[in-house]
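The following paragraphs walk through one protein model, beginning at a turn and moving outward from there. Please keep the sequence and the coordinates in view while reading.

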Amino acid sequence: MQHTLTPKKLLHSKWTSVSPTHKEKHFMVTSVEFDEDGKVIECVIEALMTKREIAINWRTLKDPKIWKMGWK
């Protein structure tokens with residue numbers, strides 16, 4: 001099943017890492033920055049377990065080998 005992920009729906013979206021590290025499995029997008037054209041320039045996810053924040057390329061969230069939509 002293909003999920004359509006749009007930049008507008010990124011903020012507060014929930015994700016599960018397919019290959020968790022440091023017991024960090026569940027993440028939430030906590031910050032999304034756009035440029036004047038509405039393109040994402042920064043996307044930050046936060047690990048629920050450790051509260052560690054990581055800046056990522058939001059397009060990697062579309063890769064089912066890395067991420068699952070929602071908390072599984």
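Begin at the hairpin of β1 and β2, where two residues lie between the strands and His22 takes a positive phi near 55°. The model is a predicted one. Beside this turn, Thr21 stands opposite Glu24 in β2. Strands β1 and β2 pair in the antiparallel sense, with four bridges between them.

The hairpin belongs to a wider arrangement. Five strands make up an open sheet, in the order β4-β3-β2-β1-β5, and the pairing is antiparallel. At the edges are β4 (53-56) and β5, each of which pairs on one side only. From one strand to the next, the twist averages 35°. In general, the strands of a sheet are held in register through backbone hydrogen bonds, in either a parallel or an antiparallel manner.

On its other side from the hairpin partner in that order, β1 meets β5. These two strands, β1 and β5, pair in the antiparallel sense over three bridges. Two of the residue pairings can be followed directly: Trp15 has Met69 in β5 as its bridge partner, and Thr16 has Lys68 in β5 as its partner.

Next along β1 comes Ser17, in the strand that covers residues 14-21. Is Ser17 buried or exposed? Its relative accessibility is 11%, and buried means under 20%, so Ser17 counts as buried. A polar atom of the Ser17 side chain lies 3.4 Å from the backbone nitrogen of Ser19. Leaving out residues up to four places away in sequence, Ser17 touches Glu24, Lys25, Phe27, Ile66 and Trp67.

Two of the residues touched by Ser17, Phe27 and Trp67, lead to the aromatic rings. How many aromatic pairs are there? The count comes to one aromatic pair. Phe27 and Trp67 form this pair, which is edge-to-face, with 5.2 Å from centre to centre and 90° between the planes. The pair links distant parts of the chain: Phe27 is in strand β2 (residues 24-34) and Trp67 is in strand β5 (residues 67-69), 40 residues apart. Phe27 counts as buried because its relative accessibility is 4%. Trp67 is buried as well, with a relative accessible area of 10%.

Another ring takes part in a contact of another kind. Lys14 lies over the face of Trp71, at 5.2 Å from the ring centre.

The last stop is the segment before β1, where Leu10 has its place. Which residues is Leu10 in contact with, leaving aside its neighbours within four places in sequence? They are Leu5, Val29, Val32, Val40, Cys43, Trp58 and Leu61. With a relative accessible area of 0%, Leu10 is therefore buried. One of its contacts, Trp58, shows how far along the chain they reach: Leu10 and Trp58 are 48 residues apart in sequence, while their C-alpha atoms are 8.2 Å apart in space.

Definitions and conventions:
Residues are numbered from 1 along each chain as its sequence is written. This is a predicted model: local features need pLDDT of at least 70, side-chain atom pairs count only at pLDDT 80 or more; totals for chains, interfaces and linings use all residues. Side-chain values use heavy atoms; hydrogens and water are left out. Buried means under 20% relative accessible area, exposed over 50%, partly exposed in between (1.4 Å probe, protein chains only). A polar contact is a pair of N or O atoms within 3.5 Å; within protein, one must be able to donate a hydrogen and the other to accept it, and residues adjacent in sequence count only if both atoms are side-chain atoms. Contact means heavy atoms within 4.5 Å. Rings of Phe, Tyr and Trp (its six-membered ring) pair if their centres lie within 6.5 Å; planes under 30 degrees apart count as stacked, over 60 as edge-to-face and the rest as tilted. A charge sits over a ring if NZ of Lys or CZ of Arg is within 6 Å of the ring centre and within 35 degrees of the ring normal. Two strands pair if DSSP finds at least two bridges between them. Axes are lines fitted to C-alpha atoms, for helices over the stretch in contact, and angles run from 0 to 180 degrees between N-to-C directions.
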